Each structure stands twice: as C-alpha cells, then as structure tokens.
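Here are my notes for you to read alongside the structure. Keep the 3D view open and find each piece as we get to it.

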Amino acid sequence: MVTLAEVARHAGVSASTVSYVLSGKRSISTTTRLRVEESIHELGYHPNAGARALASSRSNIIALMVPLRTDMYVPVMMEIAIAVATTARTHGYDVLLLTGEEGPDAVRRVTGSGLADAMILMDVELDDERLPLLRGTDLPSVLIGLPADTSGLTCVDLDFKATGALCVEHLATLGHRDIAVIGEAPAVYERHTGFAERTLDGLRLRARDLGIRMLHRPCGGGYDAMAVTLARILDERPATSGFVVQNEQAVEPLLALLRRQGRAVPEDVSVVAVCPDQVAVQASVRLTSVSIPAQEMGRHAVERLVAKLDHRGADEVVLITPELTVRESTGPASFAAS
C-alpha cells in the first residue's frame, strides 16, 4: 500500500504539503498542488479513511434513510438511492444506507455517534416525527419529499401537486368527465405520506376547477385487490371513462381486468399513470404517464447537501416540474362513456 511519505518523495515535497493538499487546510500553489495530485494518481494512493476522519473531523459519509416498506414500490426507492450513492461518490462521499423503520431513533443514532457528516431522508410524511430532531441538530440534512411545514429544511421532490393537476387536465382535454383515481395502498395514506397526499390534493383541486367528477380509492398490490377496487369504482360510478393510477403494482392488474370486462384501452376508457418510464413503456398497453424523476431527485439532494457541508447552501425547497408523456393508453372519451 502506498504511503503519504512515498507520495511526498515522488512529488518532491514534504509530507505536510501532501497532507495540506489532501485536507485543503492551507493554501498551496497551483503548480505544487498539481504535482502532488499527479503523484497521487500515478502511485494510486488512497488516504486511510480513519486517519482522514480524525484529521478533518469528518467521516466523508452521508447517511441515507430509506425505509423499505412492503406497501411502497421498492424499485423507485432504490433507483433514488442509487442516484444518491453515485452522485455522492463524485463528491468524495460514501453512503450509509439505513433501511429499517426506526424513525427518530435512527436520526438520534446518526447525530449522536458521528457516523455520518450529513443525512438524506426519504419516505417523508406530512407531519414526519423525524423532523423536530433534524431541526434541533447542526447535522446538515436534505429531505427527498415534502412535509407540511418546510421551514428550516431543505427539500427536493417532484411537484406532486402539479402532477395530479396535469393528469386531470389531460383527461379533461380529451372529454372525460368522470375520473377514478387508483391510489397507493391504504397504509400510505394512513401515514399521510407526502407524495401521495400532495398528488391527491392536485387531482381534487384541478378536478373541481374543471367541473370533473372524481373518485379516489386506495388499492393494495396484486390482481385480487385491484379486482375489488375496480368493481367498487364501477358500482359507484358506472360512467367512469378515465383512470389515474398512482400505484405501480396496480397497473397491469387494472389493464388485465379492463380487457376481461371488454373495455378497450383507449377506445372505451383511458388510463394515465404516475410511475417510472420503465413501468409505463413495458405495460401491456403503453401508458400515458407522468414520470418519476428518480435520478434527478437523488442528484439534486446530494448537490444541495454537499453545498451545505461546504457552507454554501441555504435552506430551500426544490420542486421538479412534472412532464406528461402521451402514449397509447389515452384517447377521446367515447359517446357511451360521456
């Protein structure tokens, strides 16, 4: 293993100069710094993580809290997590992944132990019990999600309220007057999870503005749960001609059940989904959808966290503008349905 002293000899400088280049604690001339960096690269030197942490009072680790719940679509959560990890690495940070449902206890563990220099929290609820602890600590943090009160916080998220409005507008433009929203599993709403609640707010407000009749029903994953939910919707609102789906696990069961009932998509009914592009394009009918920008969310979160660590960032809310892509699952409302 290459040592710091060997790098110093190779670069023709003192060991302390190499240390200053690595830590940035003192100003070093550009020529000397470049010579040291070239030697580090040529020799393949990697600073000892423990020694570096002691010298800099930093661990160079970001803690990512991503509770993996059975009622959430894990592939999206993991895509965001991977984006966080790869972006963090470009800034010289590793990621400590916390996947349990520990809530405030996990925040206390990280802030009290020095395990990480900063935290990113996912699966944010409107009244998230982790937030008072974050506001009471000096540990920099960023939320991927939006609570009800964002004061004193930095948050990154898709604008889910605008997403809901966009879905309603698209169906209304096509002449659909009765819309059903197939939502996440009931537990997601019981926790008042931010993204689900905000999408629903956007849907309801825009439907009211446009004079659209809208029905919302949560739905568990799987064919049987979708069959019960669809039967309930059509019993209550037989004229339903447009569906908005915010539940990746319900997409294919819904399309299969509509086929089984002889309802053609999009000739008889239209379907819009809020989901990753991969889910939309691989469905049995390519879905008109608002994409979940997982990589963009992860990247923005890390960039704002690094800015805070470097004392360059202020608290802010970053909302990514939703984009609706029209595919084969939406069309004009039929005469029978309207």
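1. Let's start with helix H10. Its 17 residues, at 1.5 Å a residue, should span 24 Å, and the end C-alpha atoms are indeed 24 Å apart, so expectation and model agree. Do keep in mind that this is a predicted model.

2. Which residues of H10 are buried? They are Gly194, Phe195, Ala196, Glu197, Thr199, Leu200, Gly202, Leu203 and Ala207. Have a look at what lies over them: the cover includes helix H8 (160-173), E6, helix H9 (186-190), E7 and E8. Just after H10 comes Gly211, which takes a positive phi of about 70 degrees.

3. Now for the sheet. It is an open one with six strands, in the order E7-E6-E8-E9-E10-E12, and its pairing is mixed. Strand E7 (213-218) and strand E12 (324-325) are the edge strands: each has a single partner strand, so one side of each has no neighbour in the sheet.

4. Zoom in on one pair of strands. Strand E6 (residues 178-183) and strand E8 (residues 242-245) run parallel and are joined by four bridges. Within this pair, Val181 stands opposite Val244 in E8.

5. Which strands do the helices touch? Helix H10 (residues 194-210) packs on the sheet and touches E6, E7 and E8, with its direction making about 160 degrees with that of E7. Helix H12 (residues 251-260) packs on the sheet too, touching E6, E8 and strand E9 (270-274); the direction of H12 makes about 160 degrees with that of E8.

6. On to charged side chains. How many salt bridges does the structure hold? There are 20. One of them joins Glu37 and Arg33, with 3.3 Å from N to O. Both residues sit in helix H3 (residues 30-43), four residues apart, which is about one turn of the helix. Glu37 has 36% relative accessibility, so it counts as partly exposed; Arg33, at 31%, is partly exposed as well.

7. Helix H6 (residues 104-113) holds both Arg108 and Asp105, three residues apart, about one turn of the helix. Their side chains meet in a salt bridge at 2.9 Å, N to O. Arg108 is partly exposed at 44% relative accessibility, and Asp105 is partly exposed with a relative accessible area of 48%.

8. Asp315 and Lys308 make another salt bridge, with their closest N and O atoms 3.1 Å apart. Are these two residues buried or partly exposed? Asp315 is partly exposed, at 43% relative accessible area, while Lys308 has 17% relative accessibility and so counts as buried.

9. Salt bridges can also link up. Try picking out Arg69, Asp71, Asp123, Glu125 and Arg191, which are connected in a network of them.

10. Last, the cysteines. A disulfide is a covalent bond between the sulfur atoms of two cysteines. How many turn up in a search of the whole structure? Zero. Cys167 is in no disulfide, and the nearest cysteine sulfur, that of Cys275, is 9.7 Å away. With 0% relative accessibility, Cys167 counts as buried. And why is Cys219 not bonded to Cys275? The sulfur of Cys219 is 15 Å from that of Cys275, the closest cysteine sulfur, and that is too far for a bond. Cys219 is buried too, with a relative accessible area of 1%.

Definitions and conventions: Residues are numbered from 1 along each chain as its sequence is written. This is a predicted model: local features need pLDDT of at least 70, side-chain atom pairs count only at pLDDT 80 or more; totals for chains, interfaces and linings use all residues. Side-chain values use heavy atoms; hydrogens and water are left out. A salt bridge is a side-chain nitrogen of Lys or Arg within 4 Å of a carboxyl oxygen of Asp or Glu. Helices (H or I, at least four residues) and strands (E, at least two) are DSSP runs, numbered from the N terminus. Buried means under 20% relative accessible area, exposed over 50%, partly exposed in between (1.4 Å probe, protein chains only). Two strands pair if DSSP finds at least two bridges between them. Contact means heavy atoms within 4.5 Å. Axes are lines fitted to C-alpha atoms, for helices over the stretch in contact, and angles run from 0 to 180 degrees between N-to-C directions. The expected span of a helix is 1.5 Å times one less than its number of residues. A disulfide is a pair of cysteine sulfur atoms within 2.5 Å.
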